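Subject: The structure, and what I found in it

Hi,

Here is the structure I promised to pass on to you. Please open it alongside this email, and then read on for what turned up.

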Amino acid sequence: PHDFISLLEKEPWLSFTLDTEHTFSGGKQEAAEYIEHLHSRIAVVHVSAFIDGKMHCRTKDNTDVAHVLTLLAGYGYSGPLILEIEDLTFQPELSLRKKIDILSDETAWLRTFFE
């Protein structure tokens, strides 16, 4: 993270997107360090989870995602959240009504961190 921090220090106009799915590639400590040092430069957060080798899974009750959201909320993040859930990760295929129910459930969970 130090190279990225250095880059942002040299480029005060530059912001970035934080993706919860990728935040833990270096472990929880590195994720916390990124957020601690760079929270003011986050323009948008992509919220998704990586579960059992699948990308863009549901986030509700995912402890890694909850950790990131808790840190962001603690630093006062109030920018946009983009929920990235791939409906193809669900088997069997979901009806439109079920997809809407899942999105409603996910957004209610996200609100618990920022309200």
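A word on naming before the tour: helices (H or I, at least four residues) and strands (E, at least two) are DSSP runs, numbered from the N terminus. With that in hand, the order of elements from the N terminus on reads α-β-α-α-β-β-β-α-β-α, which comprises 5 helices and 5 strands. Please keep in mind that this is a predicted model.

**The protein as a whole**

The C-alpha atoms fill a box of roughly 50 × 30 × 25 Å, taken along the principal axes. The protein has 115 residues, and 33% of them count as buried. Among the contacts with a separation of 6 or more, 79% come from residues 24 or more positions apart.

**Helix α3 and its surroundings**

Let's start with α3, which covers residues 28–38. Which of its residues are buried? They are A31, E33, I35 and L38. The cover over the buried residues of α3 includes two other helices from the early part of the chain, α1 (2–10) and α2 (20–23), along with strands β1 (16–19) and β2 (42–47), and also α4.

The meeting of α3 with α4 can be described in some detail. Their axes come within 10 Å of each other and cross at roughly 25°. Angles under 35 degrees count as roughly parallel, and α3 and α4 are therefore roughly parallel to each other. Their crossing is right-handed. On the α3 side the residues involved are K28, A32 and I35, and on the α4 side they are D64, H67, V68, L71 and L72. Sorted by class, this contact has 5 nonpolar, 1 polar and 2 charged residues. I35 thus appears twice in this part of the story: it is buried, and it takes part in the contact with α4.

**Helix α4 against α5**

Helix α4 also packs on α5, at an angle of about 40° and with the axes 8 Å apart. That makes α4 oblique to α5. From α4, the residues V65, A66, L69, T70, L72 and A73 meet W109, L110, F113 and F114 from α5. The residues of this contact divide into 9 nonpolar, 1 polar and no charged. L72 is worth finding on your screen, as it meets α3 and also α5.

**The aromatic pairs**

How many aromatic pairs does the structure hold? There are 2. One of them joins Y77 and F114, with 6.4 Å centre to centre and 70° between the planes, an edge-to-face arrangement. Y77 sits in the loop between α4 (63–74) and β5 (81–83), whereas F114 belongs to helix α5 (residues 96–114), so this pair ties together parts that are 37 residues apart in sequence. Y77 is buried, with a relative accessible area of 10%, while F114 counts as partly exposed at 27%.

The other pair is W109 with F113: the ring centres are 4.9 Å apart and the planes are at 80°, so this pair is edge-to-face too. Both residues lie in helix α5, 4 residues apart, which is about one turn of the helix. W109 and F113 are both buried. You will recognise W109, F113 and F114 from the list of α5 residues that meet α4.

**Around β3 and the loops that follow**

I51 lies in strand β3 (residues 49–51) and is partly exposed, with a relative accessible area of 32%. Leaving aside neighbours within four places in sequence, I51 is in contact with C57, R58 and N62. From I51 to S78 the separation is 27 residues in sequence and 26 Å in space, C-alpha to C-alpha.

Two aspartates have backbone angles you may want to look at. D52, although not a glycine, has a positive phi of about 50°. D52 is placed in the loop between β3 and β4 (54–57), and is exposed, with a relative accessible area of 76%. D61 is not a glycine either, and has a positive phi of about 70°. Its place is in the loop between β4 and α4, and at 57% relative accessibility D61 counts as exposed.

Happy browsing, and best wishes!

Terms used. Residues numbered from 1 in each chain as written. Predicted model: local features only at pLDDT ≥ 70, side-chain atom pairs only at ≥ 80, totals over all residues. Heavy atoms only, no water. Phe/Tyr/Trp six-rings, centres within 6.5 Å; stacked < 30°, edge-to-face > 60°. Buried < 20%, exposed > 50% of the residue type's maximum accessible area, 1.4 Å probe, protein only. Contact = heavy atoms within 4.5 Å. Axes fitted to C-alpha atoms, helices over the stretch in contact; angles between N-to-C directions. Parallel < 35°, antiparallel > 145°, perpendicular 65-115°, else oblique. Left-handed = near helix turned anticlockwise from the far one by under 90°. Nonpolar A, V, L, I, M, F, W, Y, C, P; charged D, E, K, R; others polar.
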